[in-house]
Every structure is written in structure tokens, then in C-alpha cells.
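User: I'd like to learn how to read individual features off a protein model. Could you walk me through some of them?

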Amino acid sequence: MKQKLLVTCMILMSFAISFVLFPVNVQANVTITSNQTGTHGGYNYEYWKDTGNGTMILKDGGAFSCEWSNINNILFRKGFKYNETQTHQQLGNITVTYSCNYQPNGNSYLGVYGWTSDPLVEYYIIESWGNWRPPGATSKGTITVDGGTYDIYETTRINQPSIKDNTTFQQYWSVRTSKRTSGTISVSEHFKAWERMGMKMGKMYEVALVVEGYQSSGKADVTSMTITVGGSPASPQPTPVPTPRSAFTKIEAEEYNSLKSSTIETIGTSGGGSGIGYIESGDYLVFNQIDFGNGANSFKARVASGADTPTKIELRLGSASGTLIGTLTVPSTGGWNDYEEKSCSITNTTGIKDLYLVFSGPVNIDYFIFDSASIGPSPTPTSQQPSSLGDLNGDGRVNSTDYSALKRHILNINKLSGSALANADVNRDGKVDSTDLMMLHRYILGVITKLG
């Protein structure tokens, strides 16, 4: 019944988190009717459902409204997502202040929601509910906080969907004994109470205000919501906005921005190289902001398949059901690590587009590249790698010594300066952080062939 998260892959966060006031600019409302994650109004948001109808309107700041009907399970939320490297104690005191016009019709929850890892925990702080008070278990005790009393519960989910695929994990609950729909929630006080009861929290993945519906209908209008961390309004760690990548340079399969489901399998290096496998028909990868420049008319990919029947890779623009520009057929001959380069013609495509690779069945894909059309020359990549990029010790090479120096800089053990610091910004975004460290590591291992 609970959360089946969209997996958002390869989100790399900074080791150090600095908290600043939110920007004062007002962001336009956005309406969402299908599963989606992103950032809006200074917060991370997520819309998830399995079946049924639901609408979420993202408003300025932490505000949002939602409505649902004929659903099985649906979650609407805004909050912060973290990179699973810090505990709540390391982040600082967390509070949520909110106001909501909450009108459920059936089973529904309003409250704070999130996950931790190591241990894997799904947690709820329930402020109000519909016709059933969760979670239907025996209370471990009560706490009094923010002028109210909460029952504490711990339940176990066995082989259920989570942020780590289907697995077994614990659920922690604080459920208010009397409903309310506005006020301040001292989130860290609940965390501390749980840990006093032996309910261990892990590294933070998420804290958000949630409206959840289960086999019900209803609507809610969160007129205001603010999360503070460490005593001042905190800026989130948003999904990085991708910079355009040239379609005419090799793109590794592992460089996707998001995928449809959790059936992805990373293939090991034994037997012929690394790749990514897809199991279910209709799975897809998303590569945002691909720059086709003056035109591309063919697609080449290094692929392998040991399936019983050929697999097709559809190339679509904008969405998984968007404009079809070409189809590559991967034969079923050979084995899962017997990679061959296959190609197909595509409808001439220009400009910057979001590329979806949609799979009809199992296939391993290592990398792909587009060829330019005859109507114009291949575009020059938007960024060239300076010869010194990644070379932190100035020896003319990029290797594990540079990686170690960058790691020590990020951990504040031995800070870089001058040209070494400039060369450490390997993704050229104007800052040196863990994203550069991971990119440098992938470059040294040969997973990517270019920095910058």
C-alpha cells in the first residue's frame, strides 16, 4: 500500500550542506497528472501513483494542492531530498510549519514522510487522517510534543517496494491522538523519541510534507509549508539541471537522468565490458538535454542480447510516447556480453531535445552516438576539455593521485588552491564538490572519455 518510489538515478550531492534563505522570486504554478519528480519553489517534489486519477498543482514555496479519485495508492509531497551521507543529527534540527485545507473521503494521511538508509526506514509523522487511523498496530508508547500527544508504532514491510527496490524494511510511525491540519511539527523530536525506544534512524534520504490516499478520493490545499533545518529555512539539494550534451560524442548508457522502473541491471565487466540490462517491455532510459546541433540522421549503439527473440530500442523525443525518430533492432544471437555495434537511420533531428530510449524487452546497452546529417556539419561540442582539467598535481597526467588529492580537498584534509583548484572543477559548474570527485573517478576507470 505504501510508497513505490520512482527511482532517480545518479544524483550526486555535495558533502557539505550550507543553509541559506530561500530566493524571493515567485515561481509559476505547475500542474502534474502523472508520476514525476523535480524541484519547484525551492523544494523537491514528487508525485507517485499506481492506478487511478490524481492532479497536483505546485505553488510557490512549499505550497501545493492535490485531488484524487478512483485510485489504489497515491502520494503528493514537497520537501527536501538528501544524499544519504548524513544523519539527522548532522543535518541539524528539523521542523515543518504548515497549513492545509484537508478534505479526505476514505483512507488518507496528512503528515511528514520520508526515508533513511542504513538502516532502511520509511517513516511517518501523521497529523490527520481519513476514516482509518494508521497503522493498525499496538502502540509502543506515547510522546508529547508541539502541544499534542502522539502514539509511537513500529511495523515491518516484507519484500515491498522501497527506495532500494523490493526488500524488507521497518516503518516508524508517530500518530497524533487528535487531528490537526496546521501548526509546527518538531520533526527531530520525533526522531529522538524513536531512537530512545530502540528504533534506529539511518542516513537521511528525504523529509517532506505528504498527502497520501489509499483506495479513496479527496482533495487537499497546502496553503503554506516551510521546512527549516538547523534553525533557518534550508535550501534543498535539487536534482542537478543537466547541461546540454552533444549527440555526436559517445554517451555511456550509465549516464541516464532517470528511468521508468527498477528492473535495471548493471552488467559486470567480465566477458566483454560493462553495460545495462532491461527486463520488462516498456522500460526506458531518459537522457535530458541532448544537443543534436544542425542535424542528426543516424544512431549507433554498442549492444548485446542473449534473449530468445530480438529486442527493439525505440528512440523517442520528449516522453516515452513522444515523437518516434527511429528504431534499432538488437538481434538475439550471441550472449549477454557479446557486444556489437548496430545502427539505424533516424528522422532528421536538430536542436536540444530530451531523448528516451524505450525497450521492447531485455537488452544490454553499453553506449551510443549519433551521426550528423548531410545538411550541415557536426556541431562542435559545447565544452572542450582543457588539457589540464583533472590534473591537480601538474604532472601532465590524470590518475589516482589526482583523485586522492581531490578527495582530501573535499574532506577538508588538504585544501587545493590556485591552478590545482581550478583543474579540480572537472564538470565546469563553478564549484568543486563530490560531483567532480565521482566524475573524475569514472574518467580514470574509463567509464567516461571526457571531462568538462
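## Reading the features one by one

User: Let's start with a single loop residue. What is Asn-393 in contact with, leaving aside its neighbours within four places in sequence?

Analyst: Before we begin, keep in mind that this is a predicted model. With those sequence neighbours set aside, Asn-393 is in contact with Thr-401 and Asp-402. Asn-393 itself sits in the loop between strand 26 (363-372) and helix 3 (400-410). You can also check C-alpha separations: Asn-393 and Ser-419 are 26 residues apart along the chain, and their C-alpha atoms are separated by 9.2 Å.

User: Is Asn-393 buried or partly exposed?

Analyst: Partly exposed, with a relative accessible area of 40%. The cut-offs help here: under 20% is buried and over 50% is exposed, so 40% falls in between.

User: Now salt bridges. How many does a search of the whole structure find?

Analyst: The search finds 13. For each one, ask how far apart the closest N and O atoms are, where the partners lie, and whether they are buried. Take Lys-81 and Glu-46, whose closest N and O atoms are 2.5 Å apart. This pair links distant parts of the chain, with Lys-81 in strand 6 (residues 73-81) and Glu-46 in strand 3 (residues 43-49), 35 residues apart. Lys-81 is buried at a relative accessible area of 11%, and Glu-46 is buried at 0%.

User: Which residues are linked with Lys-81 in a network of salt bridges?

Analyst: The network joins Lys-81 with Glu-46, Arg-77 and Glu-206. When you meet a pair like Lys-81 and Glu-46, it is worth looking for such further links.

User: Where does the salt bridge between Glu-127 and Arg-180 fit in?

Analyst: Its closest N and O atoms are 2.4 Å apart. Glu-127 lies in strand 8 (residues 121-129) and Arg-180 in the loop between strand 11 (167-176) and strand 12 (182-185), so this salt bridge ties together parts that are 53 residues apart in sequence. Glu-127 is buried, with a relative accessible area of 0%, and Arg-180 counts as buried at 15%.

User: What about Asp-151 and Arg-133: how far apart are their closest N and O atoms?

Analyst: They are 2.9 Å apart, and the pair forms a salt bridge. Asp-151 belongs to strand 10 (residues 148-160) and Arg-133 to the loop between strand 8 and strand 9 (141-145), 18 residues apart. Here the burial is mixed: Asp-151 counts as buried at 14%, whereas Arg-133 is partly exposed at 26%.

User: How should I think about nonpolar cores, and which residues touch the most other members of the largest one?

Analyst: The general idea is that in soluble globular proteins, nonpolar side chains tend to be buried together. In this model the largest nonpolar core has 46 residues, and Phe-76, Tyr-123, Val-187, Trp-194, Val-207 and Val-211 touch the most other members. Strand 13 (residues 203-229) supplies the largest share of this core, nine residues. For a closer look at one member, Tyr-123 touches residues including Trp-115, Tyr-172, Phe-191, Trp-194 and Val-207. There is also a second, separate core of 31 residues, with Ala-296, Leu-315, Leu-317 and Val-363 among them.

User: How many disulfides does a search of the whole structure find?

Analyst: Zero. The step to take is to look at the sulfur-to-sulfur distance. Cys-66 is in no disulfide, and the nearest cysteine sulfur, that of Cys-100, is 7.1 Å away. A disulfide needs the sulfur atoms within 2.5 Å, so 7.1 Å is too far for a bond. Both cysteines count as buried, Cys-66 at 4% and Cys-100 at 6%.

User: Finally, polar contacts. What does the side chain of Asp-50 make a polar contact with?

Analyst: With the side chain of Asn-72, at 2.7 Å. Remember to check backbone atoms too: the backbone nitrogen of Asn-73 lies 2.9 Å from a polar atom of the Asp-50 side chain. Asp-50 is found in the loop between strand 3 and strand 4 (53-58), and at 31% relative accessibility Asp-50 counts as partly exposed. For comparison, try His-40 in strand 2 (residues 36-40): its side chain reaches the backbone oxygen of Ala-28 at 2.8 Å, and His-40 is buried at 2%.

Key: Residues are numbered from 1 along each chain as its sequence is written. This is a predicted model: local features need pLDDT of at least 70, side-chain atom pairs count only at pLDDT 80 or more; totals for chains, interfaces and linings use all residues. Side-chain values use heavy atoms; hydrogens and water are left out. Helices (H or I, at least four residues) and strands (E, at least two) are DSSP runs, numbered from the N terminus. Buried means under 20% relative accessible area, exposed over 50%, partly exposed in between (1.4 Å probe, protein chains only). Contact means heavy atoms within 4.5 Å. A salt bridge is a side-chain nitrogen of Lys or Arg within 4 Å of a carboxyl oxygen of Asp or Glu. A polar contact is a pair of N or O atoms within 3.5 Å; within protein, one must be able to donate a hydrogen and the other to accept it, and residues adjacent in sequence count only if both atoms are side-chain atoms. A nonpolar core is a set of buried Ala, Val, Leu, Ile, Met, Phe, Trp, Tyr and Cys residues joined through side-chain atoms within 4.5 Å.
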